[in-house]
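Trainee: Could you walk me through this fold, one question at a time?
Mentor: Gladly; let us look at the model together.

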Amino acid sequence: MSRRRGKVCKRRKLNISTLTLGRKKTVKKLAEEYNYMDISLDFGEEFGKKGIVVGSSMLISIIENSLKLLFGEVGASTVFDVVKYRERNRRAILRFYERDLVKMWSSLTLCSEVEGQVCAFRVNKVSQSMADESLRYFQ
């Protein structure tokens, strides 16, 4: 009989990974995992359109309004942080709970106007850790 984890016992046809060998292994999982989203706000400057200056506080209000518009008060209560923001190219890294990924992504995708200007949020990358290669762009 093999005692290696993941191997099947030949005699009893049991999976060894389900057996405990005298000690229990506990795995800790955080109650709430975070996701990081690399986004940029585009007003179409490459097509000759004029953009507006968007500060970090204005970016937060744009995101909150788009969440509220799509999901109502439930969406407005979504917790998120702007980890990094570059005003010159309107690119930001957002941090939010994993459970809110679909809410955040869909509200950003459907946001189409800011102060009368046509705009679009571009989702460049979504990651579960800040150590991802593309998110190092900001560091």
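What follows is a conversation about the elements of this predicted model, from the overall pattern to the packing of the helices.

Trainee: Which pattern does the protein follow along the sequence?
Mentor: Start with the inventory: there are 2 helices and 6 strands. Much of the contact is between distant parts of the chain, since residues 24 or more positions apart account for 63% of the contacts with a separation of 6 or more. Read along the sequence, the elements give β-α-β-β-α-β-β-β.

Trainee: What is the order of the strands in the open sheet of 4 strands?
Mentor: Let us build it from the pairs. E2 (residues 80-86) and E3 (residues 91-97) run antiparallel and are joined by 6 bridges. E3 also pairs with E1 in the antiparallel sense, over 7 bridges, and E1 pairs with E6 in that sense over 7 bridges. Put together, the order is E2-E3-E1-E6.

Trainee: Which are the edge strands of that sheet?
Mentor: Look for strands that pair on one side only. E1 is ruled out, as it pairs with E3 and also with E6. The edge strands are E2 and E6.

Trainee: Which residue of E3 stands opposite Tyr36?
Mentor: Follow the bridges across E3. Ser40 has Arg91 in E3 as its bridge partner, while on the E2 side Asp81 stands opposite Arg95. Tyr36 also stands opposite a residue of E3, and that residue is Arg95.

Trainee: And which residue in E6 stands opposite Asp38?
Mentor: Here we turn to the pairing of E1 with E6, which has 7 bridges. Opposite Asp38 in E6 stands Lys125.

Trainee: Which residue takes a positive phi in the hairpin of E2 and E3?
Mentor: The hairpin has 4 residues between its strands. The positive phi is near 50°, and the residue that takes it is Arg90.

Trainee: How many residues of E1 are buried?
Mentor: For the protein, 32% of the 139 residues count as buried. E1 is mostly covered, and of its 9 residues the number buried is 8.

Trainee: Why do the buried residues of H2 lie on the same side of the helix?
Mentor: In H2 (residues 101-110), the buried residues are Met104, Ser107 and Leu108. They lie on the same side of H2 because they cover an arc of only 100° around the axis. In general, an α-helix has 3.6 residues a turn, so residues three or four places apart point the same way. The face turned away from the buried side carries the exposed residues Val102 and Leu110.

Trainee: What covers the buried residues of H2?
Mentor: H2 lies across E1, E2, E3 and E6, running at about 0° to E1. Strands are part of the cover, and so is a helix. The cover includes E1, H1, E2, E3 and E6.

Trainee: At roughly what angle do the axes of H1 and H2 cross?
Mentor: The two axes come within 9 Å, and their crossing is right-handed. The contact involves, among others, Leu67 and Phe71 of H1 with Met104 and Leu108 of H2. Its residues divide into 8 nonpolar, 3 polar and 1 charged. The axes cross at roughly 120°.

Notes. Residues are numbered from 1 along each chain as its sequence is written. This is a predicted model: local features need pLDDT of at least 70, side-chain atom pairs count only at pLDDT 80 or more; totals for chains, interfaces and linings use all residues. Side-chain values use heavy atoms; hydrogens and water are left out. Two strands pair if DSSP finds at least two bridges between them. Buried means under 20% relative accessible area, exposed over 50%, partly exposed in between (1.4 Å probe, protein chains only). The arc is that of the directions from the helix axis to the C-beta atoms. Contact means heavy atoms within 4.5 Å. Axes are lines fitted to C-alpha atoms, for helices over the stretch in contact, and angles run from 0 to 180 degrees between N-to-C directions. A crossing is left-handed if the near helix is turned anticlockwise from the far one by less than a right angle, and right-handed if clockwise. Ala, Val, Leu, Ile, Met, Phe, Trp, Tyr, Cys and Pro count as nonpolar, Asp, Glu, Lys and Arg as charged, and the others, Gly among them, as polar.
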